[in-house]
Amino acid sequence: MKCRYFSLAALAVALAVPGQAAAKSGDIRFKLLATYVVPDGKIDDVKLDLIGLPAGTQTKADDNVVPTVAIEYFVADNISLETIAGVTQHDVVGRGGLAGAGLVSDANIVPATLTLKYHFGKQGGIQPYVGAGPSYFIFIDEKPGATAVALGATRQKMNDTLGFALQAGIDVPVNDRGLAVTFDAKRYFLRPTARWFAGPTEVLRTRHKLDPWVVSAGAAFRF
């Protein structure tokens with residue numbers, strides 16, 4: 001539902017703003033964004049269980065809003081490469097048989113992403129786009145949650161994971177000097193593995209469907 005409102009707002013802006021100079025081959029665009037990260041986080045498979053998870057155990061990662069930046073290079077008038085930079089932090093809690101249990105605390109994620117984008121629309125006008133490309137999620141300094149610690153976990157680790165991203169958005173020019181308003185939505189697909197340890201012994205290993213929606217809005221500056 002949030003994504004639907006986001007798209008309607010983008011369309012309203014697009015209809016209200018007249019077209020200006022479009023990006024051309026060789027241009028660089030820098031974006032400052034506010035980004036809403038909505039991960040899934042459910043268990044996809046249990047690889048090791050020495051603690052005896054209750055029947056029906058599931059997990060969910062919490063949402064977050066973070067600042068991000070993006071740098072885009074136009075290899076042709078309608079084709080660009082874009083990478084993003086930012087860090088988002090999430091906790092993972094139990095559902096079902098472990099409802100409310102704190103399992104992972106303060107997992108910092110760097111979602112290294114490179115997308116190839118195609119821009120539609122006439123030169124000098126509104127430019128919607130679509131894109132796709134690889135992503136590599138780097139997990140930093142994650143810890144076992146409060147419930148996991150109470151159950152004897154001393155360490156928790158998420159493995160860095162290669163995934164894939166699909167992207168769609170719109171750039172709405174504001175003036176003829178390269179300033180634009182930008183709206184962007186990405187859907188990531190990746191399956192990280194989580195491990196919990198009691199001392200040196202690994203006691204639980206689960207694979208997760210992370211698959212976050214990453215929705216951004218902000219300003220773009222062309223050079």
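A residue is called buried when its relative accessible area is under 20%, exposed when it is over 50%, and partly exposed in between. The exercises below use a predicted model.

**Exercise 1. Asp 184**

Task: Decide whether Asp 184 is buried or exposed, and find which side chains Asp 184 contacts.

Solution.
Step 1. Locate the residue: Asp 184 lies in strand 12, which covers residues 179-189.
Step 2. Take its relative accessible area, which is 5%. The limit for buried is under 20%, so Asp 184 is buried.
Step 3. Look for polar contacts of the side chain. One contact, of 2.6 Å, is with the side chain of Tyr 129. Another, of 2.9 Å, is with the side chain of Lys 186.

**Exercise 2. Salt bridges**

Task: For the pairs Asp 45 and Lys 47, Asp 63 and Lys 60, and Asp 176 and Arg 177, give the N to O distance and classify each residue by accessibility.

Solution.
Step 1. Recall the principle: side chains of opposite charge can pair when their charged atoms come close. The cut-off used here is a nitrogen to oxygen distance within 4 Å.
Step 2. Asp 45 and Lys 47 form a salt bridge at 3.2 Å. Asp 45 has a relative accessible area of 29%, so Asp 45 is partly exposed. Lys 47, at 45%, is partly exposed too.
Step 3. In the salt bridge of Asp 63 with Lys 60, the closest N and O atoms are 3.9 Å apart. Asp 63 is partly exposed at 33%, and Lys 60 is partly exposed at 27%.
Step 4. Asp 176 and Arg 177 also form a salt bridge, with 3.9 Å between the closest N and O atoms. Here the relative accessible area is 51% for Asp 176, which is therefore exposed. Arg 177 is exposed with 65%.
Step 5. Some salt bridges share partners: Arg 29, Lys 31, Glu 72, Glu 82, Lys 117 and Asp 171 are joined in this way into one network.
Step 6. The total for the model is 18 salt bridges.

**Exercise 3. Strand 7 and its partners**

Task: State which strands pair with strand 7, in what sense and over how many bridges.

Solution.
Step 1. Strand 5 pairs with strand 7 in the antiparallel sense, over 6 bridges. In this region Leu 81 stands opposite Leu 116 of strand 7.
Step 2. Strand 6, residues 88-95, is antiparallel to strand 7 and joined to it by 5 bridges. Val 92 has Val 104 of strand 7 as its bridge partner. The hairpin of strand 6 and strand 7 has 6 residues between the strands, and Gly 96 takes a positive phi near 65° in that hairpin.
Step 3. Strand 8 and strand 7 pair antiparallel over 10 bridges. One facing pair is Ala 112 and Tyr 136, the latter in strand 8.
Step 4. Strand 9, residues 143-144, runs antiparallel to strand 7 and is joined to it by 2 bridges. Ser 105 stands opposite Lys 143 in strand 9.

**Exercise 4. A nonpolar surface patch**

Task: Find how much area the nonpolar patch has and which strands each supply at least two of its residues.

Solution.
Step 1. The area is about 1100 Å². The residues that make the patch include Ile 28, Ile 71, Tyr 73, Leu 81, Leu 116, Val 130 and Phe 223.
Step 2. Three strands each supply at least two residues: strand 4 (64-76), strand 5 (79-85) and strand 7 (102-119).
Step 3. Check one patch member, Val 130, found in strand 8, residues 127-140. A patch residue needs over 30% relative accessible area. Val 130 has 39% and is partly exposed.

**Exercise 5. An open sheet**

Task: Give the strand order of the open sheet and name its edge strands.

Solution.
Step 1. The sheet has 4 strands in the order 2-14-13-10, with antiparallel pairing.
Step 2. Each edge strand pairs on one side only; these are strand 2 (42-49) and strand 10 (155-158).
Step 3. From one strand to the next, the twist averages 20°.
Step 4. Consider one pairing in detail: strand 2 and strand 14, residues 201-209, run antiparallel and are joined by 6 bridges. Lys 42 has Lys 209 in strand 14 as its bridge partner.

Key
Residues numbered from 1 in each chain as written. Predicted model: local features only at pLDDT ≥ 70, side-chain atom pairs only at ≥ 80, totals over all residues. Heavy atoms only, no water. Salt bridge = Lys/Arg side-chain N within 4 Å of Asp/Glu carboxyl O. Buried < 20%, exposed > 50% of the residue type's maximum accessible area, 1.4 Å probe, protein only. Patch = residues over 30% accessible without salt bridge, like charges linked within 9 Å, V, L, I, M, F, W, Y side chains within 5 Å. Areas by Shrake-Rupley, 256 points an atom, 1.4 Å probe, with all protein chains shown as cover. Pairing = 2+ DSSP bridges. Polar contact = N/O pair within 3.5 Å; in protein donor to acceptor, adjacent residues only side chain to side chain. Axes fitted to C-alpha atoms, helices over the stretch in contact; angles between N-to-C directions.
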